[in-house]
Amino acid sequence: MQKFILSQKNRIALVSFILIITAFTSELLFKSEIIAVWSLFAASVLGLSPIAIQAYQALRVKVVSIDVLVTIAVVGAFFLQNFEESAIVTFLFLFGAFLEQRTLNKTRSAIKELIDMAPESALKLMQHGNFEEVSIEEVDIGDILMVKTGAKIPVDGRVASGEGSINEASITGESLPVSKEKGSNVFAGTIMDNGTIQIVAERIGEDTTFGKIIELVEEAQDSKSEAERFIDKFSKYYTPSVLLLGILVWIFSQNLELAITILVLGCPGALVIGVPVSNVAGIGNGAKHGILLKGSEVIGDFSKLDTIVFDKTGTLTLGNPSVEMQAYYGDNHTEALSYLASIERESDHPLAKAILKGIGETTFYSVYNTKVIKGGGITASVNGHQIAVGNVALMYELNVNISEKAKIDISNFEKNGSSLVLTAVDDELKVLMGIRDQIRPNVKEDLKKLKKLGIKNLVMLSGDNQGTVDIVSKELGLTQAYGNMLPEDKSAYIKKLIETDKQIVAFVGDGVNDSPSIALANIGIAMGSGTDIAIETSDVVLMNSDFSLLPHALGLTKATARNMKQNIFIAVGVVFFLLASVFFSKWMNMSIGMLVHEASILVVILNGMRLMSYKL
């Protein structure tokens, strides 16, 4: 019975409203006081039923909730036979709850849109060779699936055949379709804009990037910020205090109506709802724009940032380097290039791909005894020779002979802003390559926006040589820039900023090599198109590696933090105003107070909802 009554709250509010209108119409137009009294009595009893049930459920878990205060107040009004006020108070309370729920649902619309995009079926290649539509639960890793124009990509996978363009807005926030061909990666929840492809399923269900995004955003909405935890604790003690105040007023004044009015007006409804609605709206706006904010706590810290530290490659630059300059020493540099290509083809590093592209067609050899030198490079045996590939520090460490000409070339390459890759064969330097990565388009303007938003220090840390780092830093107008940094050096620098300099620090990296620094910073921000490690280790993920989302994310968190404070001020101010009006004015009564109280709840909700349309 309790469950049924609670499920009918909105209908009960509607019937109560009709009964109240009937009562006033009967009294004013037809002078029928009996119909008016009975209508108001029925509206009071009907309206009180769900409120009283909620009050009972709260008391069972030893919580003095707003429902408890309203129930006591309405019962008191019954004793005073003030059915007009009891009917209006219960209706306004139920109507306020209806508006609150409806508005909260609107703030979650961005998340609902994401969930609605989740694929439910797929065209799967069956054993007899035909494609059949099956439920998404029947798809396994390794299955071949067909996706036609207008259909949703059902899983994360790789294109096995065909080509076309895909709308990846649900994953990256980017509205323009992305071309796909054999070997391209595709994500669940994205839409085949044009073309037909067959894909191999690599991740399914909750393990897909889309599944993880939904999970993360839902977790973020359910998590509580420091402000929310404070308000929960405050309400826990505040509500019983209002009840005690009402009892004391009744004892000393013997004015039951005054005591009951205090109970109604002291309800902290707007205070309880104000902060959560700001958080939900802020997180929803971020999700809509391809920004994953992992919880309310992240919003608080992000809005107070002093310093943002950036990795260089793949963050401030595009991460697609190319060989710009080359120099050769001694004889047989063609053989040396073949040895270099043989080693680099075993690596997925962006520099390795650039080197292979720069070398072009060549002979490949088997590689043995590969050894990775942390922060230096690689040594290996190729075709009976000992090969070393890496930076200048590695060459000196291995006692490779570097001629005066090579030293001059190294200096010139660095001045040009190139990353250096040296290749030595049997301790003799053979090849010097200068590799450059292009700075991201518009990144300079985005960094200026960050400064305008209050960021004091913009710092770059890179494993690249200092010459290259200085050129990029000067071009972008950074505060500081440090080169030749190993992962542990970056982590130590972040730790110093936080512990010694007492700064609130964000680290922005690619989510792979920089995961220790991302984890250590107050706010870890990962650039990446939904890669596993980016989603797992960071506090914020900028989908599609879109750097321009960073100023929007910072502005959004600052706006959300401001919005929370505004809502707290509105809520507390209204309560003080109402209580002061009870004691120092003659016009305040229970009905007017409840109307103002419910209006304040609507105001803080609407104020929070403004964040849904926030733009920098």
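**Strand pairing and helix packing in a predicted model**

L422 has L432 in strand 15 as its bridge partner. The model is predicted, so local features require pLDDT of at least 70 and side-chain atom pairs count only at pLDDT 80 or more, while totals for chains, interfaces and linings use all residues. Residues are numbered from 1 along each chain as its sequence is written, and side-chain values use heavy atoms, with hydrogens and water left out.

Strand 14 (residues 419–425) and strand 15 (residues 428–436) pair in the antiparallel sense, over seven bridges. Pairing here requires that DSSP finds at least two bridges between two strands. Strands (E, at least two residues) and helices (H or I, at least four) are DSSP runs, numbered from the N terminus.

Both strands belong to an open sheet of six strands. The order is 10-15-14-13-12-11, with antiparallel pairing. Strand 10 (322–328) and strand 11 (367–373) stand at the edges. Each has a single partner strand, so one side of each lacks a neighbour in the sheet. Neighbouring strands of this sheet are turned by 15 degrees against each other on average, direction ignored. Axes are lines fitted to C-alpha atoms, for helices over the stretch in contact; angles run from 0 to 180 degrees between N-to-C directions.

Two helices lie across strand 10, strand 14 and strand 15. Helix 15 (residues 350–359) runs at about 105 degrees to strand 15. Helix 17 (residues 404–415) runs at about 10 degrees to strand 15. Contact means heavy atoms within 4.5 Å.

Strand 1 (residues 121–125) has two pairing partners described here. Five bridges join strand 1 to strand 2 (residues 131–135), and the two run antiparallel. They form a hairpin with five residues between them. In the turn, G129 has a positive phi of about 95 degrees. K124 has E132 in strand 2 as its bridge partner. Strand 1 also pairs with strand 3 (residues 144–147), antiparallel, over two bridges. There, L123 stands opposite M146.

Side chains alternate along strand 1. A122 and K124 point to one face and are buried. S121, L123 and L125 point to the other face and are not buried. Buried means under 20% relative accessible area, exposed over 50%, and partly exposed in between (1.4 Å probe, protein chains only).

A buried loop residue completes the description. S184 lies between strand 5 (178–180) and strand 6 (185–186). S184 counts as buried because its relative accessibility is 18%. Leaving aside neighbours within four places in sequence, S184 is in contact with G157, R158 and V159.
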